[in-house]
Amino acid sequence: MRTVIQRVSEASVTIEQQVKSSIQAGLLILLGIGEEDTEEDAKWLVNKVIGLRIFDDEQGIMNRSIMDINGEILVVSQFTLMASYKKGNRPSWIHAACHEVSIPLYNYFCKALSEALGKPVGTGEFGADMKVRLLNDGPVTICMDTKNKE
């Protein structure tokens, strides 16, 4: 799984001019699922996201987690994160998981993240044409790949 995690003041996802989900202060997570990803990858990623200390404390030091600030999370599926760009100028998505694998794994990740957070997690709609709006706070943007855990 590949992610782009952004600390946001607010974020939303709109589908066909209707806001599907919106959050205030928290994290916007763009999530790409690869053909070899598993529930173990999702569990590892949930633990990393929940414990990631990228929110400011009273001294302005990034020392607080999403749990510490009682923040919100919005997760948007993004298969383009799995792009292979080594050959030519047209990206290939041959390493992105098929729908039969990626949809259940996306749902599993969102459910596990919601349980760990203790509240619902906002989502997009898998496979839809989505408009994602965000106000990046910082800016703070972190990329994670479950294939590079060390």
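Helices are DSSP runs of H or I with at least four residues, numbered from the N terminus. In the predicted model described here, Glu115 and Lys111 both belong to helix 2, where four residues, or about one turn of the helix, separate them. The two side chains form a salt bridge in which the closest N and O atoms are 3.5 Å apart. Both partners count as exposed, since exposure requires a relative accessible area over 50%: the value is 56% for Glu115 and 55% for Lys111.

Helix 1 comprises 13 residues, from 39 to 51. The distance from its first C-alpha to its last is 18 Å, close to the 18 Å expected at 1.5 Å a residue. At the N-terminal end, helix 1 is capped by Thr38, a side-chain oxygen of which lies 3.2 Å from the backbone nitrogen of Glu40.

The residues of helix 1 that are buried include Asp41, Ala42, Leu45, Val46, Val49 and Ile50. Viewed down the helix axis, the buried residues of helix 1 fall within an arc of 160°, and they therefore line one face of the helix. Among the elements covering these buried residues are strand 1 (2–15), strand 3 (26–32), strand 6 (72–77) and strand 8 (130–145), together with helix 2 (99–117). Glu40 and Asn47, on the other side of helix 1, are exposed.

Helix 1 also contributes to salt bridges, of which the count for the model comes to 11. One of them joins the side chains of Lys43 and Glu40, with an N to O distance of 3.3 Å. Lys43 and Glu40 are three residues apart in helix 1, a separation of about one helical turn. Lys43 is partly exposed, at a relative accessible area of 36%, whereas Glu40 is exposed.

A further salt bridge connects the side chains of Lys149 and Asp41 at 3.4 Å, N to O. Because Lys149 lies in the segment after strand 8 and Asp41 in helix 1, this pair ties together parts that are 108 residues apart in sequence. The partners also differ in accessibility class: Lys149 is partly exposed, with a relative accessible area of 40%, while Asp41 is buried, with a value of 5%. Asp41 and Lys149 take part, with Asp37 and Lys147, in a network of salt bridges. Asp41 thus appears both among the buried residues of helix 1 and in this network.

How values were computed
Residues are numbered from 1 along each chain as its sequence is written. This is a predicted model: local features need pLDDT of at least 70, side-chain atom pairs count only at pLDDT 80 or more; totals for chains, interfaces and linings use all residues. Side-chain values use heavy atoms; hydrogens and water are left out. Helices (H or I, at least four residues) and strands (E, at least two) are DSSP runs, numbered from the N terminus. The expected span of a helix is 1.5 Å times one less than its number of residues. Buried means under 20% relative accessible area, exposed over 50%, partly exposed in between (1.4 Å probe, protein chains only). The arc is that of the directions from the helix axis to the C-beta atoms. Contact means heavy atoms within 4.5 Å. A polar contact is a pair of N or O atoms within 3.5 Å; within protein, one must be able to donate a hydrogen and the other to accept it, and residues adjacent in sequence count only if both atoms are side-chain atoms. A salt bridge is a side-chain nitrogen of Lys or Arg within 4 Å of a carboxyl oxygen of Asp or Glu.
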